[in-house]
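Hi,

Here is the structure I promised to pass on. Have a look at it first, and my notes follow underneath.

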Number of protein chains: 2
Amino acid sequence: MNRSGYRPDKPATIKDVAKALNISISTVSRALRNKPDVNQETRQSVLRMVEELEYQPNQIALSLITQKTHTIGVIIPNLDYFFSMAVRGIDDMALETGYTVMICQSNESYARELVNTQRLMKGHVDGLIVSNSSDSINTEQYQRLLSKNFPIVFFDRVSSELDATSVVLDNISGATQAVTHLIEQGCRRIAYLAGPANLSISQQRMIGYKHTLEKYGLAIDESLIVFSEFDREFAYRSTLALIDSPNRPDAIFGVSDRLIVGAQLAIKERGLRIPEDIALVGFNDEPVVSLLTPPISSVAQSAFEMGRMAAKLLVEQLNSEHILPSQTIMLKPTLIKRASSIRKP
Amino acid sequence: MNRSGYRPDKPATIKDVAKALNISISTVSRALRNKPDVNQETRQSVLRMVEELEYQPNQIALSLITQKTHTIGVIIPNLDYFFSMAVRGIDDMALETGYTVMICQSNESYARELVNTQRLMKGHVDGLIVSNSSDSINTEQYQRLLSKNFPIVFFDRVSSELDATSVVLDNISGATQAVTHLIEQGCRRIAYLAGPANLSISQQRMIGYKHTLEKYGLAIDESLIVFSEFDREFAYRSTLALIDSPNRPDAIFGVSDRLIVGAQLAIKERGLRIPEDIALVGFNDEPVVSLLTPPISSVAQSAFEMGRMAAKLLVEQLNSEHILPSQTIMLKPTLIKRASSIRKP
DNA sequence: AACGGTACCGGCAACGTTGCCGGTAAATAA
DNA sequence: TTATTTACCGGCAACGTTGCCGGTACCGTT
C-alpha cells in the first residue's frame with residue numbers, strides 16, 4: 001500500500017473528543033446521535049468540545065460500516081451543451097439529497113466507458129447514471145451490475161436490450177413535429193442526418209421521420225439518409241454531397257444541432273438560400289442555433305430536467321428498502337420554429 | 001446512521017478468500033501484494049481463488065487506513081464551453097494518474113461555493129481544484145485549508161490574496177494582443193465589456209487594455225468601460241447604450257465571447273456595420289464565434305491544457321512526500337483574427 | 001546432536017465509527 | 001429494608017485491510 005505522499009494535520013476524531021472530556025467513545029457517539037441514554041450536561045459538554053476541536057465525523061469510517069458512500073457515479077459521452085446541462089441537473093438534485101457526483105467522460109469510446117465503470121465501481125459509488133457512448137455496442141457490463149441489483153439509471157441514450165430505469169425524450173414525437181413542420185412548409189424531399197446508427201436517439205428519431213413521411217404519402221429515399229458520428233465536418237461534407245447529387249433535397253432534418261450547423265455551412269458555401277432552396281431543422285435547441293444567419297429551427301428539450309429526473313429516480317432507489325420496479329420516464333420535446341424552416345408567411 | 005436503503009449482494013472480501021483456502025487473512029494479503037514471505041504455490045492458489053470469487057480490494061477500508069481516497073474535488077462556477085473543456089482536461093489527467101473526479105458547480109454563487117467545499121471535504125477528497133465564482137469575495141475558507149496544508153490548485157479565476165499554486169492565462173498578453181490589433185486596424189475609441197469587477201481575469205485583461213491604450217497615446221475613457229455579469233442580455237443592452245451615447249465607440253473588446261455575442265446582436269439591431277462602424281474582439285475563442293456573421297475575432301486559449309496542468313500540479317503535490325512550494329504556471333493566448341475586426345486588406 | 005538460518009505462516013492491533021451488551025449507582029417501589 | 005426500576009456510562013466486536021511481531025517447521029553446519 002502506498003503510504004507515501006503528504007498528509008495534512010490530522011483532524012480530530014471522536015476519540016480525541018472523548019479523551020478531552022475523560023469519557024468513553026461510546027458516550028460521545030451517543031451524545032452526537034441524540035440517543036436517549038445520555039445526561040443532558042454530558043451532551044452539552046460534548047457538543048462544546050466538538051465545536052472547540054472542530055470535530056467532523058469521518059465519512060470513510062461510516063462508509064466502511066454502512067457500505068454506502070453517498071456518491072453517485074455519472075458516465076457520459078462528453079460535456080457538450082446537452083450533457084453539461086444534464087450534469088447540472090444531476091448535481092442540483094444531488095445537492096438537495098445529500099449526494100456528491102463523480103463524473104467520467106467516455107469521449108464516445110466504448111473502451112473508455114468500460115474503464116470508467118470500473119473506476120467508479122472501485123470508488124464505491126452507491127449508484128450509476130449512464131448515457132451511452134456512440135460506439136457502445138455491448139451492454140454486458142451493465143447487465144452484470146443490474147443482475148446483482150446494483151442501481152443504475154440510464155438517460156437520453158439508452159439501450160433497448162436493458163430492462164432498466166431510464167429517462168428519455170419522446171424522440172418519435174420530436175422527429176414527427178420537425179418533419180411535419182417541414183412538410184407543411186412545402187418541403188417534399190427531406191433528408192435526415194441520422195448520426196450514429198446504433199444509438200437509440202438516432203433510431204427513434206428515424207422512426208418518427210419515416211412514419212411522418214409515410215403518413216403524408218411521401219416516398220422514403222434511403223439516399224437521403226446519412227449516418228455519421230456527431231461531427232460537424234462530416235455533416236458539412238455529407239451535405240455538399242447531397243446538394244451535388246441529382247436528387248438534391250429541399251430540406252434537411254438533423255439528429256443534432258451540431259450536424260445541422262455543418263449542413264448550414266455547406267449550403268451557404270454552395271450559395272443556396274435557406275429556407276427557400278433548402279430548409280433546416282435541428283435537434284436540442286442549443287443556444288448557438290438561434291444566433292446563426294438565418295437562425296435554425298430546432299426541437300427543444302430540457303437536458304437539465306432530464307438530469308434532475310435521472311438523479312431523482314436513482315436517489316429514490318437508493319433510499320428504498322427494497323428493489324423498485326424499473327420504469328421509463330418520457331419527456332416531451334417542443335419544436336422551436338425559426339427562419340431556417342419558415343417559407344410561408 | 002442511516003442503515004436503510006437497498007444493498008446489493010455483498011462482494012467477496014479477503015476473509016472469504018482466506019476461508020475458502022483454509023489459510024490466514026495475512027497470507028492472502030501478502031500473496032496479493034507480492035510480498036516475499038509467501039510460497040509460490042500458495043500465491044497461485046490465492047490468485048485462482050481471487051479470480052473465482054471475483055474478489056476486489058475494498059477501497060474504503062484502504063482509505064480508512066491511509067486516509068487517502070484517490071479522489072480530486074473540482075469546484076467551478078459553471079459548465080460552459082470553457083469549463084467543460086477544463087474539466088475534460090482534469091478528467092483526462094485524473095484517469096492517467098489513477099484518480100477520480102468529484103465535480104461541484106457553484107453557479108457563480110459564493111454561498112454555493114462554500115457549501116460545495118464543505119461537501120467535498122466531507123467526502124474526503126485528497127485535494128481540490130478551484131476556479132472562483134463571479135461573486136466570490138471571501139477567500140477565508142481556502143485560506144484555512146491552505147494553512148492546514150491541504151492541497152489546492154487554483155486555475156483561470158484566481159485570488160490575488162492567496163499564495164497558492166495556480167494555473168492562469170497570461171491575460172495581460174491576451175488583452176494586449178486584442179487591443180493592439182484593433183488599434184492597428186484604425187480603431188481609436190475602443191470600449192471594454194469588462195465582466196465582473198472582482199474577477200482576476202477581468203482585472204488582468206483591464207490592465208492589458210489600459211496599458212496598450214496608453215502605449216499608443218490613446219486616452220482612457222471610463223465611460224467606455226462596462227462592468228457586468230457574464231450575461232449576454234446585459235451586454236446587449238450595454239452595447240445599445242454605448243451606440244446611442246454621444247461618444248460612440250468604434251470597437252468593442254469583450255472579456256468573454258458570451259458578452260461579445262450580445263454586443264454583436266446589438267450592433268446588428270442598430271443596423272451598423274461590423275467591422276466598418278464597430279469592430280469586435282472577444283475572448284476564449286468558443287466554437288460559436290466562428291459561425292456567426294461576421295465571424296468574430298477572439299483571443300484563444302486551451303482550457304483543456306489548463307485543466308490538465310492544474311490536475312498535474314495537484315497530483316504532483318499529492319504524490320510528494322513533503323510540501324511543494326507554491327508556483328504559478330502562465331499559459332500563452334493567441335489572437336485569432338476574423339472578419340469582425342479586419343478593416344484593412 | 002545442537003545450533004542458526006531460512007521459508008513460510010498466523011495472530012494481533014490499528015484506522016474511526018456504531019450497535020449491542022453488561023455494569024453501576026441512585027431512585028423508586030414493595 | 002430490600003427488591004426493582006431508572007438513568008447513565010464503558011467495553012467489546014465489527015466493517016475490510018495492512019503492518020508488525022512472533023512462531024514453527026525444515027534445512028544445512030559444525
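A:Arg308 is buried, at a relative accessible area of 17% (buried means under 20% relative accessible area, exposed over 50%, partly exposed in between, with a 1.4 Å probe and protein chains only). Its partner is A:Glu96: the two side chains meet in a salt bridge, 3.0 Å from N to O (a salt bridge being a side-chain nitrogen of Lys or Arg within 4 Å of a carboxyl oxygen of Asp or Glu). A:Glu96 sits in helix H5 of chain A and A:Arg308 in helix H12 of chain A, so the pair ties together parts 212 residues apart in sequence. (Helices, H or I with at least four residues, and strands, E with at least two, are DSSP runs numbered from the N terminus.) A:Glu96 counts as exposed, with 54% relative accessibility.

Before I go on: this is a predicted model, where local features need pLDDT of at least 70 and side-chain atom pairs count only at pLDDT 80 or more, while totals for chains, interfaces and linings use all residues. Residues are numbered from 1 along each chain as its sequence is written, chains are lettered from A and ligands numbered from 1 in the order in which they are written, and side-chain values use heavy atoms, with hydrogens and water left out.

Back to the salt bridges. Over all chains the count comes to 32. One of them joins A:Arg258 and A:Asp80, with the closest N and O atoms 3.1 Å apart. Since A:Arg258 lies in helix H11 of chain A and A:Asp80 in the loop between strand S1 (71-76) and H5 of chain A, this pair ties together parts 178 residues apart in sequence. A:Arg258 counts as partly exposed, at 30% relative accessibility.

Another links A:Arg157 and A:Glu108, whose side chains meet at 2.9 Å, N to O. Here A:Arg157 is in the loop between strand S4 (152-155) and strand S5 (166-169) of chain A, and A:Glu108 is in the loop between S2 and H6 of chain A, 49 residues apart. A:Arg157 is buried at 3% relative accessibility, and A:Glu108 is buried at 16%. There is also a network: salt bridges that share partners join A:Asp92, A:Glu96, A:Arg308 and B:Arg112.

Now the two protein chains. How much area do chain A and chain B bury between them? About 6,100 Å², 56% of it on carbon and sulfur atoms (buried area is the accessible area, 1.4 Å probe, that two parts lose on being put together, summed over both). The contact (heavy atoms within 4.5 Å) takes 67 residues from chain A and 67 residues from chain B. Eight salt bridges cross this interface, including one between A:Lys148 and B:Glu54 at 3.6 Å, N to O. The rule also finds 16 residue pairs in polar contact across the interface, both residues at pLDDT 80 or more. (A polar contact is a pair of N or O atoms within 3.5 Å; within protein, one must be able to donate a hydrogen and the other to accept it, and residues adjacent in sequence count only if both atoms are side-chain atoms.) On the side of chain A that touches chain B, H4(A) gives the largest share, eight residues.

Then there's the DNA. Around strand C there are 27 residues, and A:Ile14, A:Arg33, B:Ser26, B:Thr27 and B:Thr42 come nearest (near means a heavy atom within 4 Å). Of the strand C atoms within 4 Å of the protein, 66% belong to sugar or phosphate and the rest to bases. A phosphate oxygen of strand C is 2.7 Å from an N or O atom in the side chain of B:Ser24, and another contact puts a polar backbone atom of A:Asn58 3.0 Å from a phosphate oxygen of the strand.

DNA strand D is surrounded by 28 residues, the closest being A:Ser24, A:Thr27, A:Thr42, B:Ile14 and B:Arg33. Which atoms of A:Arg30 come 3.0 Å from a base oxygen of strand D? An N or O atom in its side chain does. The side chain of A:Asp37 has an N or O atom 3.5 Å from a base nitrogen of strand D, while a polar side-chain atom of B:Tyr55 lies 2.7 Å from a phosphate oxygen of that strand.

Cheers
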